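Visitor: I am new to this structure and would like to learn how to read it. Could you walk me through it step by step?

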Amino acid sequence: MSSEDDLAWDEDVRVAVYRAFASRGRPPTAPELAAAAHGSLAVAKQALHRMADPRWLWLDECEHVALAAPFAAVPLGFAVMGEHTMWWGGCAWDSFAIPHLVSGEPEVLVATRCPGCGEPSALVVRRDQPPSGPQVAYFPVSPDRLAGDRREQRLYCAESCVDSPGELLGLDALWHLAKDWYAGCLEPGYRPRGPAEAAAYFAASKSPDAFRSG
């Protein structure tokens, strides 16, 4: 098999992973992965390992897909509930991105718990407008540096609940950053943004006061 074949099958496997998450809220089954790799589960697993990246695709110790951002296969602190499907969101940012990707769910209920005071929080996140409320999204460092564990990117009740240094985003800013970040990920040919593309996206998406220190 040529290197060109490897790359083509990688993309088939990636699309199968994303479309399974989008439609059912969970990764593809082993037979579905094998079918995406032209009948070979071993080839599909090799493709997943080639694509594995801490920024967007995680595999667990059993070689199962644990995260294909913005979708997670395991609870990471966010439940995203549509009318027909429930997803685990990888973080606050990922959870806000999901309704922009799933055509049949124009709005979702994003449920989480404030890490500061422990109070539950539920927000209706729509495709056409940001939610309102006092909640803030916390990032250990500014999101435009593409750093930090997704499990640390949480949603707090208010700024007063945040007791760690980092960057805070209001709901409006979070929604605008999330809405197009994963555009195209369900289709062939998608590639996660590199540093230069990410910098341009942030510059175009955020207002001058979108970020503030926690």
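Visitor: Let me begin with a small detail: in S5, which residue is the bridge partner of Met-81?

Guide: Welcome! Keep in mind that this is a predicted model. The general idea is that strands of a sheet pair through backbone hydrogen bonds, either parallel or antiparallel. Here, Met-81 has Met-86 of S5 as its bridge partner. Strands S4 and S5 (residues 86-89) run antiparallel and are joined by four bridges.

Visitor: In what order do the strands of the open sheet come?

Guide: Seven strands make up the open sheet, in the order S1-S2-S3-S5-S4-S6-S7, with antiparallel pairing. At its edges are S1 (57-59) and S7, each of which pairs on one side only. S4 (residues 78-81) also pairs with S6, in the antiparallel sense and over three bridges; there, Ala-79 has Ala-111 as its partner.

Visitor: How many bridges join S6 to S7?

Guide: Seven bridges join them, and the two strands run antiparallel. One partnership to look for is Val-108 with Val-125 of S7. The hairpin of S6 and S7 has six residues between the strands, and Gly-118 takes a positive phi near 85° there.

Visitor: Which residues of S6 are on its covered face, and which on its uncovered one?

Guide: In a regular strand the side chains alternate between the two faces of the sheet. In S6 (residues 107-113), the covered face holds Val-108, Val-110 and Thr-112. The uncovered face has Glu-107, Leu-109, Ala-111 and Arg-113.

Visitor: Now to the helices. Which residues of helix H6 are buried?

Guide: An α-helix has 3.6 residues a turn, so residues three or four places apart point the same way. In H6 (residues 195-205), the buried residues are Ala-198, Tyr-201 and Phe-202. They span an arc of only 95° around the axis, which places them on the same side of H6. Ala-196, Ala-203 and Ala-204, on the other side of H6, are exposed.

Visitor: What do the buried residues of H6 pack against?

Guide: They pack against H4 and helix H5 (171-178). Helix H4 (residues 92-101) is itself largely enclosed by the rest of the structure, because 10 of its 10 residues are buried. Among them are Trp-93, Phe-96, Ile-98 and Leu-101, along with Asp-94 and His-100.

Visitor: How many aromatic pairs are there?

Guide: The count comes to 10 aromatic pairs. In one of them, Trp-93 and Phe-139 meet edge-to-face, 5.9 Å centre to centre with 70° between the planes. Trp-93 belongs to H4 and Phe-139 to strand S8 (residues 136-139), so this pair ties together parts that are 46 residues apart in sequence. Tyr-201 and Phe-202 are also edge-to-face, because their ring centres are 6.0 Å apart and their planes lie at 80°. These four residues join Trp-181 in one aromatic cluster.

Visitor: And which residues have the most contacts inside the largest nonpolar core?

Guide: In soluble globular proteins, nonpolar side chains tend to be buried together. The largest nonpolar core here has 57 residues, and those with the most contacts inside it are Val-13, Phe-71 and Leu-174. Leaving aside neighbours within four places in sequence, the contacts of Phe-71 include Tyr-18, Trp-87, Ile-98 and Leu-186. Another core, of seven residues, lies apart from the largest one; among its members are Cys-114, Tyr-156, Val-162 and Leu-168.

Notes. Residues numbered from 1 in each chain as written. Heavy atoms only, no water. Buried < 20%, exposed > 50% of the residue type's maximum accessible area, 1.4 Å probe, protein only. Phe/Tyr/Trp six-rings, centres within 6.5 Å; stacked < 30°, edge-to-face > 60°. Arc of directions from axis to C-beta. Contact = heavy atoms within 4.5 Å. Pairing = 2+ DSSP bridges. Core = buried A, V, L, I, M, F, W, Y, C linked by side-chain atoms within 4.5 Å.
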